[in-house]
Amino acid sequence: MTPGRATAPVRRITAGVAAFLRQLSLFDPPDPPVPTAPARTQAAPAAKVTLGLPRSAFAHLCVGPYAHIEVAVRPRLHESWRVTWLRRREALRLEIPALLAEAPQECQAALLEWALLASQRKHKDAVRRARRLELETTIRDHLRGGAQAQSGGAMTPAAKRRAARDGRKLARLRPQGECHDLDSVLSAVNARYFGGTLQARISWAARLGGLSTHTIAQDAEGRPYHLLTISRGYDCPEVTPEILGGVVYHECLHIAIPPRREGGRRVVHGGDFRKREREYDHYRVWREWHREGLPRALRRMMRGRG
Ligand SMILES: [Zn+2]
């Protein structure tokens, strides 16, 4: 999966000259419109597009830093794609599902950049990892959109399975707990702090040990929605509406202040987040219970269950 170390200097220079000449060739299309892609130090054989992929689909992008990428359509792939390093040919083989062969240029460029990033050794570099995730999101969006369009609005088997799963998840949401109704707390928090503008669903965590989280889930039609999950430790008689409102407000803030990248780092609870968090009317009461009461309540519940 990972390319070998740089070849001997001489070989590299030869390959570099070859790549340069190839780029000068009148028969080659111009460079891809992705100048930000990391340049490779090592040039390689010209791009090859295999398995009946129309040459126009990807070939014009497989130049410059992508010249050593071969794109192959794999009928057995549906929702995934992969890259392998072909040591003997010093090329990368990018295997994609048929749907992506027809993808718009933006998505194809994302695939090629992804293949380069995924094949490099510096996986652990946060900037690269962030960029890779971004590219994966773009590609996945096209896969989903393309699957729907191709089937004329009808769903592919994979999409059907996913929709059923998402539908089941939606049906399992449980806002009404033993002691507290999260829907009414969410409405109150939404009205008080967000002018009632937040669109979200809320549920007690499925597992007793489950944490309070904000995620983006999908309904059975594939429409995304904000899902707030609250730790079941809060569902006990000693928890007042002020305390419960604190954790609901915290999770709501994740919608209002989404995570962002700063120098490749994912910032979830940044300074602005913490400042807004303290604007909660019962901030100290909530924090204190969160710190001391919650672990105690969870221990008690675990014991009660056992
Ligand atoms: Zn948080």
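This is a short walk through the sheet, the helices and a few loop residues of the structure above.

Hi everyone, and thanks for coming. Before the details, please keep in mind that this is a predicted model: local features need pLDDT of at least 70, side-chain atom pairs count only at pLDDT 80 or more, and totals for chains, interfaces and linings use all residues. Residues are numbered from 1 along each chain as its sequence is written.

Let's begin with the overall picture. The protein has 10 helices and 9 strands; these are DSSP runs numbered from the N terminus, with helices being H or I of at least four residues and strands being E of at least two. Of its 306 residues, 27% count as buried. Here, buried says that 20 or more other C-beta atoms lie within 10 Å of a residue's own, exposed says 12 or fewer, and partly exposed is in between, with the C-beta atoms placed from the backbone. Among contacts with a separation of 6 or more, 62% come from residues 24 or more positions apart. Two residues are in contact if their C-beta atoms, placed from the backbone, lie within 7 Å.

Now for the sheet. In what order do the strands of the open 3-stranded sheet run? The order is E5-E7-E6, and the pairing is mixed. At the edges sit E5 (200-204) and E6 (213-218), each pairing on one side only. From one strand to the next, the twist averages 30°. Two strands pair, by the way, if DSSP finds at least two bridges between them.

Let me take the two pairings in turn. E5 runs parallel to E7, residues 224-230, and 5 bridges join them. On that side, Arg201 stands opposite Leu227 of E7. Helix H8, residues 241-256, packs on this sheet and touches E5, E6 and E7, with its direction at about 155° to that of E7. For such angles, axes are lines fitted to C-alpha atoms, for helices over the stretch in contact, and the values run from 0 to 180 degrees between N-to-C directions.

The other pairing, E6 with E7, is antiparallel over 6 bridges, and there Gln218 has Pro224 as its bridge partner. These two strands make a hairpin with 5 residues between them, and Gly222 in the turn has a positive phi of about 85°.

One residue of that loop deserves a closer look. Ala220 lies between E6 and E7. Is Ala220 buried, exposed or partly exposed? It counts as partly exposed, because it has 16 C-beta neighbours inside 10 Å. Leaving out residues up to four places away in sequence, Ala220 touches Ala163, Asp166, Gly167 and Leu170. Its C-alpha atom is also 7.9 Å from that of Arg162, although the two are 58 residues apart along the chain.

On to the helices. The axes of H7, residues 182-194, and H8 come within 9 Å and cross at roughly 65°. Which residues make this contact? From H7 they include Leu182, Val185, Leu186 and Tyr193, and from H8 they include Leu244, Val248, Tyr249 and Cys252. The full set divides into 13 nonpolar, 2 polar and no charged residues. In that count, Ala, Val, Leu, Ile, Met, Phe, Trp, Tyr, Cys and Pro are nonpolar, Asp, Glu, Lys and Arg are charged, and the others, Gly among them, are polar.

Another helix, H4, is mostly covered, with 13 of its 15 residues buried.

Just before H7 there is a loop to mention. Arg174 lies between helix H6 (157-171) and H7. Arg174 is partly exposed because it has 15 C-beta neighbours inside 10 Å. Not counting residues up to four places away in sequence, Arg174 touches Ser203 and Trp204.

Finally, a second hairpin. Strand E3, residues 82-86, and strand E4, residues 91-96, run antiparallel and are joined by 5 bridges. Arg82 stands opposite Glu95 in E4. There are 4 residues between the two strands, and Glu90 lies in that loop. What is notable about the phi of Glu90? It is positive, about 50°, although Glu90 is not a glycine. Most residues other than glycine have a negative phi. With 17 C-beta neighbours inside 10 Å, Glu90 counts as partly exposed.

That's my tour, and I'm happy to take questions.
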